[in-house]
Each structure stands twice: as C-alpha cells, then as structure tokens.
Amino acid sequence: MIHSARRAGPPAARRRPARTRPRAGPGPPSVRHSPTVRKPSVSTLSRQPHSVPPVPGHGRPARSSGSGPGAEGTLDLLLIGDDPSDVFLVERMLAESGLDARLSVARDLDGARGRLTRRTQCIIVDLSAPDIDRIEALRDVIALSGSTAVVVLTALDDDDLGVRAVATGAADYLVKQEVDGPLLARAIRYAIERKRAEDTERRLVEARILGRENARLERGLLPVPLIDDPRLRHHTRYRPGRRRALLGGDFYDTVQTEDGTVHLMIGDVCGHGPDEAALGVQLRMAWRTLVLAGHTGERLLGILDTVLGHERRSDEIFTTLCMITIAPDRRTARLHLAGHPAPLLFGTGAAALPDDSLGPALGLIPGAEWPGTDVELGDAWTLMLYTDGLIEGRVGRGPERLGTDGLVRLARGAHRRGAAGRALIDALVAEVEELNGDALTDDLAVLLLSHDVTRT
C-alpha cells in the first residue's frame with residue numbers, strides 16, 4: 001500500500017523548507033492561493049465542497065469544468081493515495097491549471113488495479129509513507145501501469161530518491177511544496193508524450209527485430225539447388241504478392257540425383273497469406289525428400305497429394321504443380337502437369353511445351369491421375385518454369401489477360417534480342433508489368449535452367 005506523508009508524519013529523508021505564500025481562508029495547509037484573489041474552497045474538478053473532502057476511490061471520477069465523458073482531448077488520470085487532503089491538492093492544482101482532465105482516485109494498488117483502464121494516460125503516485133521500500137513500491141506501480149505514464153508527486157524532497165525513481169521508470173519526480181497547478185499540468189502532459197514516444201520507439205524496434213528474424217527465416221526456407229553438372233546454369237526470380245513479405249504461396253526446387261537425373265519443380269498454393277506460404281514450404285520439402293528417396297513421376301505426385309490433404313487448413317485449398325525430369329544425357333525429359341501452366345522451351349526459338357496430358361491440381365480429386373509427356377530437348381536448350389502470377393496480368397486497360405500465348409510472344413522477342421539467363425527473366429517480368437500498367441499483385445516465381453554444351 002502507498003500511504004501519504006500527511007498521516008505518517010515527516011519522513012526521514014532530507015527536506016528543504018517549503019516556500020510560503022499567503023493563503024486565504026481555511027483548508028489543507030498544502031493548498032496555495034493567490035495573494036491578491038480569494039478563491040472559494042470548492043474544486044472546479046469535482047464541483048463538491050471540500051469542507052468534508054470526498055472519500056477517495058468512491059463515487060464518480062472527477063472531471064474538469066466544461067468536460068463531459070469522452071470529451072475530445074480530455075486526459076484520464078489516476079491518483080493513488082489514501083489522504084483526502086492529497087486529493088484536494090491535486091484537484092485544486094489541476095483546476096487552477098485549466099487542464100481538461102478526469103481524475104479517478106484509488107486508495108492503494110489493489111484499488112488502482114480496478115480503476116486503471118485503457119483510457120488512463122497518467123498515474124500520479126506518492127512515495128511519502130515511512131517504513132516502506134519506496135523504490136519497490138514504485139516498481140509495483142510501474143509494473144501495473146503498462147503503457148500508462150507514471151508521475152511521482154510526493155512530500156519527500158530527496159534528490160537521490162528522485163534520481164532513482166526516474167531511473168526505475170517514473171516520467172517525473174515532483175515535490176508537493178515546489179509544485180503549482182501549471183507545473184503539474186505541464187509535467188503530466190510531458191510525461192504522457194514521452195511515454196507515447198517510448199512506446200512508439202519500442203514498437204519500431206520490436207518490428208525491426210521481428211522483421212529481421214522473419215527475413216532470415218524466410219530466406220532460409222527458400223531452396224538452394226542441388227546441382228553439380230557444370231553444363232547447367234540455374235536462375236530464379238521470386239516475389240511474393242504480400243507486402244513486406246519474402247515468402248508467398250509459390251514454391252520451386254531443383255535436385256540432381258546420384259544417377260545424374262535432374263528434377264525440376266514449381267508449384268503454387270491457392271491464396272496469398274502466411275498459411276499458404278507455410279504450406280508451400282512443406283510441399284517443397286516433401287517433394288525434395290521424395291526425390292532423394294528415389295520417387296518420381298505420377299507416384300511422387302500421388303504422395304504429395306496425400307501430404308497436401310493432411311497439411312492444408314481447409315478442404316478448399318489446392319495446389320498446381322509442374323514437374324520435369326531431365327535425363328542424364330540432357331537430351332530428353334518427362335513432363336508432368338497438375339493444373340499448372342506449361343513451361344517454355346527455348347532452343348532455336350521459344351515455345352510452350354505440350355499440355356495434352358494435363359492432370360488436375362493437387363487436392364481437388366481423390367485418386368486422380370497425372371500422366372507424363374516425353375519431351376525432346378536437343379543439345380543446347382533453356383527451360384523456363386513459372387507460376388500463373390506471370391501470365392495473369394492484364395494487357396492494357398481491358399479485361400484481356402496475357403496468358404501463355406502472350407508470354408510466348410514476349411519470350412520470342414526477348415530471345416531474338418539475345419536475352420539469356422537472369423536477363424531473360426528480368427526482361428520478361430518488365431514487359432509483363434508494362435503491359436499490365438502496374439506491378440503484378442500475385443505471387444510470382446520463375447525458374448530458368450539452361451544447358452550449355454560449350455561448358456565443361
């Protein structure tokens with residue numbers, strides 16, 4: 001419990017003599033009046049005569065004159081103390097300052113817990129009671145305050161205690177004998193603004209830390225291709241549709257197994273949120289594990305379909321996927337499509353691979369089949385796998401979408417201009433966005449694998 005020094009007598013701490021001013025009329029000795037203007041002993045905050053001071057902690061919160069509940073700019077204050085004369089003093093000083101405030105009163109910490117609300121902006125507390133650990137008592141108030149500013153208003157004129165109180169978390173340390181209404185009001189306003197600034201800075205720091213942690217986590221979840229063939233060049237472009245995110249529902253991977261076979265995969269979980277991003281990571285890791293365990297083709301897709309059924313948060317979630325298995329001689333490949341757009345093959349020109357054997361997206365049809373298609377690659381070639389974020393942009397201001405055919409036209413033009421590797425991806429994305437008239441809003445992933453027979 002926090003007590004008032006008026007009941008406990010003078011504390012052991014060092015005091016400086018209080019400055020005296022002329023007073024008019026009876027009342028608590030700590031209340032100061034103007035030497036030229038007599039003021040009635042009535043608080044303009046509570047509008048109640050103080051010949052019998054109100055009992056703190058009971059009744060309606062005190063309000064400044066002209067202020068109703070919820071008035072714009074009204075400050076909500078909480079005074080912790082059990083001395084009616086302290087309540088009178090605070091109310092009187094606030095009234096003299098003209099501060100628009102509502103004052104609630106609690107006798108002790110237990111009462112303060114019941115009166116402290118989200119609207120409370122400042123707690124005023126006394127540390128004058130003897131036989132207590134004053135800093136420990138202040139720590140209890142600070143712990144209770146949360147995002148509320150705390151100002152110490154006490155009869156203890158102790159510089160060392162003041163420094164320790166501020167170091168503990170109080171916004172200010174005020175001595176009753178040296179404070180008037182305007183000074184108290186200014187201290188309260190400054191304390192509230194400092195607390196807001198501290199809370200804002202704390203949230204910014206926490207957001208930066210969380211952002212860096214998320215960035216490291218998401219970068220760690222993006223795959224590193226497992227390739228040791230020097231004739232293969234691997235390029236990717238990945239951009240989630242969510243703002244301030246590094247990972248979306250699109251996913252891809254590349255794995256070369258011991259027999260020299262290279263497995264490519266790109267997929268797209270429907271939706272754009274963090275749940276979809278997490279599911280995409282699960283499916284990619286499951287795919288890599290299955291490939292390294294020797295699974296491939298339609299059997300692999302069937303297992304992924306089962307994994308998706310167990311891991312998705314809703315039966316409406318589905319995933320499209322494109323998978324290519326390139327033979328060790330690099331001249332042929334086998335293509336499987338599960339509801340996904342066909343990849344592009346660059347050789348002497350650019351064309352989309354056939355999608356005659358297109359199967360349904362994963363998660364849609366129980367027991368579905370995903371037949372494969374054999375593809376001739378030739379000697380030097382480039383395969384480009386992509387998600388539908390690259391082809392669903394608009395062409396001009398009308399409703400027309402780019403589609404696979406439109407992407408093929410752009411790819412042929414970029415290929416004729418000599419674009420290759422990462423430059424080819426960047427050129428296509430830039431042209432698609434130019435046609436769309438703005439940046440693409442869907443998740444976007446592109447995987448480019450090139451076979452260069454001149455490299456060894």
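Buried means under 20% relative accessible area, exposed means over 50%, and partly exposed lies in between (1.4 Å probe, protein chains only). Keep that handy for the exercises below.

This is a predicted model, in which local features need pLDDT of at least 70 and side-chain atom pairs count only at pLDDT 80 or more, while totals for chains, interfaces and linings use all residues. Residues are numbered from 1 along each chain as its sequence is written, and side-chain values use heavy atoms, with hydrogens and water left out.

**Exercise 1. Is Leu 89 buried or exposed, and where is it found?**

Step 1: Look up the value. Leu 89 has a relative accessible area of 4%, so it is buried.

Step 2: Place it. Leu 89 sits in helix H2. Helices (H or I, at least four residues) and strands (E, at least two) are DSSP runs, numbered from the N terminus.

Step 3: Check what it faces across the fold. Asp 180 is 91 residues away from Leu 89 along the chain, and their C-alpha atoms are separated by 9.7 Å.

**Exercise 2. Describe the surroundings of strand E2 (residues 75-80).**

Step 1: Start with burial. Six of the six residues of E2 are buried.

Step 2: Sort the side chains. In a regular strand they alternate between the two faces of the sheet. Here Leu 75, Leu 77 and Leu 79 point one way, Asp 76, Leu 78 and Ile 80 point the other way, and all are buried.

Step 3: Find the partners. Two strands pair if DSSP finds at least two bridges between them. E2 runs parallel to strand E3 (residues 101-106), joined by six bridges, and pairs in the parallel sense with strand E4 (residues 122-125) over four bridges.

Step 4: Zoom in on Ile 80. Its bridge partner is Ala 106 in E3 and Val 125 in E4.

Step 5: Add the helix. E2, H2 (residues 84-97) and E3 make a right-handed β-α-β unit. Right-handed means that, with the strands pointing away from the viewer, the path from the first strand over the helix to the second runs clockwise.

**Exercise 3. Why do the buried residues of helix H10 line one face?**

Step 1: List them. In H10, Gly 421, Leu 424, Ile 425, Leu 428, Val 429, Val 432 and Glu 433 are buried.

Step 2: Look down the axis. The buried residues of H10 fall within an arc of 160°, so they line one face of the helix. The arc is that of the directions from the helix axis to the C-beta atoms.

Step 3: Recall the helix rule. An α-helix has 3.6 residues a turn, so residues three or four places apart point the same way.

Step 4: Check the length. The expected span is 1.5 Å times one less than the number of residues. For the 16 residues of H10 (residues 421-436) that gives 22 Å, and the end C-alpha atoms are 23 Å apart, which agrees.

Step 5: See what they touch. The buried residues of H10 pack against several elements, including helix H9 (403-416) and strand E16 (444-451). Contact means heavy atoms within 4.5 Å.

Step 6: Look just past the end. Gly 437 comes just after H10 and takes a positive phi of about 85°.

**Exercise 4. How many aromatic pairs does the structure hold?**

Step 1: Know the rule. Rings of Phe, Tyr and Trp (its six-membered ring) pair if their centres lie within 6.5 Å; planes under 30 degrees apart count as stacked, over 60 as edge-to-face and the rest as tilted.

Step 2: Count. The structure holds one aromatic pair.

Step 3: Classify it. Tyr 238 and Tyr 252 are 6.0 Å apart, centre to centre, with 55° between the planes, and the pair is tilted.

Step 4: Locate the rings. Tyr 238 lies in strand E7 and Tyr 252 in strand E8 (residues 250-256), 14 residues apart, and the pair links distant parts of the chain. Both tyrosines are buried.

**Exercise 5. Where is Arg 330 found, and what is its phi near?**

Step 1: Locate it. Arg 330 is in the loop between strand E10 (319-326) and strand E11 (332-338).

Step 2: Read the angle. Phi of Arg 330 is near 65°, a positive value in a residue other than glycine. Most residues other than glycine have a negative phi, and most peptide bonds are trans.

Step 3: Test for burial. Arg 330 has 2% relative accessibility, so it counts as buried.
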